[in-house]
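Please look through the sequence and the 3D structure shown here before reading on. The report that follows takes up a pair of helices, then some individual residues and their surroundings.

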Amino acid sequence: MKLCKRVTSLLLVLSLMLALIPSVYAADNYTGKTVVLYTANVRGDVDVYAQIAAVKADYEAKGAQVLLLDAGNYLQGTAAANTDRGLSVYALMEAAGYDAAAMGPYDFVYGDATTGYLWHGNFYKYYTQAELLQGCEALTYAKNGKGDVTETRPAKAPAKFQVLCSNYAIADDNSGYYAFSANHVFHLDNGLKIGVVALTDPDTADDLQDGFLSGYEVCPVQTPEDTDVLVRLINDPGAESCDGAVDIVAGDKFTTGAYVIDNATKAVTGEEVTLDGKDETVAALADTVKANADTVVGVSEVILDGRDSAGRTRETNLGDLVTDALKWFAENEFEGFDKDVPVVAIQNGGNCDNSIYDGQITQTDLLRALPFSPMGVGILYLKGSQLLEALEAGTSPSDDYGDACPGFAQVSGLTYTVAAYAPYDKGEAYGKFYQANSIKRVTITSVGGEAFDPDATYAVIADNYLMNGNDTYYVFKNAKSAEGAKYLNNGNGIKTRDIVQMYMKEDLGGVVGQRYAQAQNRITVLSQQPYENPYKDVKESDWFYEYVKYTTQNGLFVGNPDGTFCPQEKMTRAMIVMTLYRLAGEPEASGYDNPFRDVPDGQWYTDAVCWAANNGIVLGTSATEFEPNSNVTREQTAAIFYRYVKHTGGDLSAKAPLDAYPDAGKVSDWAQDALQWAVAVGLVTGSNESGVNYLLPAGNTTRAEAATMLTRYHQMVK
C-alpha cells in the first residue's frame, strides 16, 4: 500500500550510513547548513512551542536555514488543545514558525473535526480542520427569538504552514471537514529542494473515527520526485522502509531532534536537541491559551471507547465507567436512598456517544461523550422479570434499530448474555420501536455477584430520560406509573456526566487507569447459536471436527438428510463449486448462460456451475461438458480456489516453493501457481504419511479436506 521512489541524490544514501548517529553537542557555526528541526507526539503540551521556537532562533542565529516540522499527534491531549479544537495550537505552531505538520491519528480524533456536536447545538462554535488550515469567513450561527445575533465566529486566516497526510485522498463527496496535502517540496533560499511526505496509519485513524473518514480512501503514498533530501513524517508503524529517506517517527511519547544537512554535499547528520530556553512571545501566548482552557476534571490513561459501532453493539469500557459511576452514586451519594436491595445501573450505549481519549479530561469532553443526558437520574425498584424484559427490549447488537432499539444496554452490578443470532420477538408498537413479545435473546446470569432471581426486587439507577420511557425503556415507564411504585428522583440538578465527574474525583482519585483499559466482561454477545453437532459420523476427537463445525455454522457446508457428513467421501466437481457459491453469498445467476449440456436446469448445483463458469472460476472438461459428478483432485481444488480469489480481486502475490514435498514433481504445470499460492497462505499444508508431508496433487479431495480449506480461507479473509 505504501510506495516510495528513490531520492534523486545518491549522495544522501551514502551519507546516511554515518549520518544518523546523534551528536549531543551542537556546533557553534551552521553556515552552509540546513537544519530540519522536528517534534512529534506533542499531544497538546503547549509549552513545547516556546521552547522549540527558541531552538529554531538559536540555529538561525548560528547561520542555519531551518525547516521546522511536526510528525503528528498535536491537536489533542490537554485542555489547552481540546478546548477550541486546535485553534490555539495552530496559532502557537504559526508563532513558533512551523513549516509543515503531519496528520497523526490523534489529529483525527474529533470525528466531525470539531469539539462541537450537533445534538447540543455548538457545532458551528468551532472551526473544522479544513477551516483551520484554509481559513474561512466570519459566521453568525445563533440568534435569539427576536432575531438578534447571539453567537458569532470570527473570520480565520489560512494557516501559515502545510498540513500533510499522504495516505488519504478524497474519494467522493465529503463534508469538507478535513483538508491536507499529499506532500510538499520546500525550495529553500540556499538552493536545496527538501521533499516532505507524511505517513499516517489509516487503520488507527479510521478506527478512532468510526466511519467519519468514509468520504476518503486509502491510497498509495505520493512521494515527491526530484528532491535533494526526502523527509518522511511517520506515525504509521506499518510504514515500509525507503532508501535514502530521513525518517521522523511519532512514537508513544514526545520526541524532538534535528537533522543537519550540508548544503554542498547533501550529507545528513542526526543531532539531539535540548529544550532549555523559551521564546517569550510564544510563551506568553501559551500562557493565555492555558488560562482560557476548559476546566480539567480528570486524566485518562486509556482511550474510553464511545464509537457508535462499539456502544451500540457490545459492552464498552466507556459504558463500564459510566454505569460504575451511576452505581457508585446510588450507593454513596443519592439522597434518600437506603441500599436495601442489590443495585443495578443501566446506560443506553447509544447515549455514550463519543470517545474520551487518553490525556486530560475536561467538562467539554464529558459533554461531548455524554450529550444525551438532559435530565437527572432516578432509582426505580423493579422485579427481576421486569429488569429482564427491559434488557430484552433495550439490547440490539446490530444496526437494525427498527427491530429493537437505538442502542445497547451498558450495565454495572449485573452480568448478562444476549443471543445476537436470535430475532427480536416484536410485540406491540412503541413509538418507532416495539415492546418485547417474549424473552428470547437475553439471559441475566448474575446480579450483585449472586444468581439472578426473576421474583426478587432490584434497585435500578438510570438517567431519567430512560426512566421516562424514552428509546425502548417502556418497562421503566410502566413500572413508574404502576400503583405502589417505588421511584426516587434526584431532579435535574445532577446529570449523568456530573456523576461521572464526581466518581472520577472521589473514587478513582482523578485518574481513569488501567482498570478501564478494556471492557470488563459483564456482557456476553453470542453471534452464533451454540453449536450442537448434527452429524453422527463426526466426533470431537476427529482432526477435522473444528473445520466441519465452522463450515456448518457459517452455512458453507450442509450434511445429508440422514444426519451424516461423510467426511471421507470424495468431493465432486459440483460439490466444490457449490461450496464456493455459498462462500460468495449465492449471487443471482439466472442471467448467466449455461455452456454445459451435462448440467441440466433445476439441479441443486445448476446456478453454482453457471455462476462459476461465467466468472472464470471453473473450466469444463470440454467446451460442452462439465462432468459435475466426477471427483475433484487436490490440485484441481487449489486451482479452483485460486481462480475464485482472482475473481474476488484478492491478493495472489504470495508464492511458496514446493520442493519441500517429495512429490512436488507430480504437480501439473497448470496447477503450479495455484499450489504455490495455496501453500504460501496455508490453505494447503500437505498430507502426513509416516511423518512425511505429501502434496498428493492427483489424489481426490475429501469433504473433510474441503471443509478445512474453506475454513482456512474464510478465516483468512473475514
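## Two helices in contact

In this predicted model, the axes of helix α16 (residues 573-583) and helix α18 (residues 634-648) come within 11 Å and cross at roughly 25 degrees. Two packed helices are described by the angle between their axes and the distance between the axes. Because angles under 35 degrees count as roughly parallel, α16 and α18 are roughly parallel to each other. Their crossing is right-handed. On the side of α16, the contact is made by Ile576, Leu580 and Leu583, while α18 contributes Thr637, Ile640, Phe641 and Tyr644. Sorted by class, this contact of α16 with α18 has 6 nonpolar residues and 1 polar residue, with no charged residues. An α-helix has 3.6 residues a turn, so residues three or four places apart point the same way.

## A helix and the glycine after it

Which residues of helix α4 (residues 87-96) are buried? They are Ser88, Val89, Tyr90, Leu92, Met93 and Ala96. Just after α4 comes Gly97, which takes a positive phi of about 95 degrees.

## Residues in loops

Next come three residues that are placed in loops, listed here with the elements on either side and the relative accessible area.

| Residue | Loop between | Relative accessible area |
|---|---|---|
| Arg43 | β1 (33-40) and α2 (47-61) | 14%, buried |
| Phe372 | α10 (363-369) and β18 (377-383) | 22%, partly exposed |
| Asn521 | β27 (511-512) and β28 (523-526) | 69%, exposed |

Arg43 is not a glycine, and yet Arg43 has a positive phi of about 50 degrees. Is this residue buried or exposed? Because buried means under 20% relative accessible area, Arg43, with its 14%, is buried.

Asn521 is likewise a residue other than glycine with a positive phi, in this case near 60 degrees. Since the term exposed applies over 50%, Asn521 counts as exposed at 69% relative accessibility.

Phe372, in the loop between α10 and β18, has a relative accessible area of 22% and is therefore partly exposed, as that term covers values between the limits for buried and exposed. How far apart are the C-alpha atoms of Phe372 and Lys495? They are separated by 9.9 Å, although the two residues are 123 residues apart along the chain.

Key: Residues numbered from 1 in each chain as written. Predicted model: local features only at pLDDT ≥ 70, side-chain atom pairs only at ≥ 80, totals over all residues. Heavy atoms only, no water. Buried < 20%, exposed > 50% of the residue type's maximum accessible area, 1.4 Å probe, protein only. Helix = DSSP H or I, 4+ residues; strand = E, 2+ residues; numbered from the N terminus. Axes fitted to C-alpha atoms, helices over the stretch in contact; angles between N-to-C directions. Parallel < 35°, antiparallel > 145°, perpendicular 65-115°, else oblique. Left-handed = near helix turned anticlockwise from the far one by under 90°. Contact = heavy atoms within 4.5 Å. Nonpolar A, V, L, I, M, F, W, Y, C, P; charged D, E, K, R; others polar.
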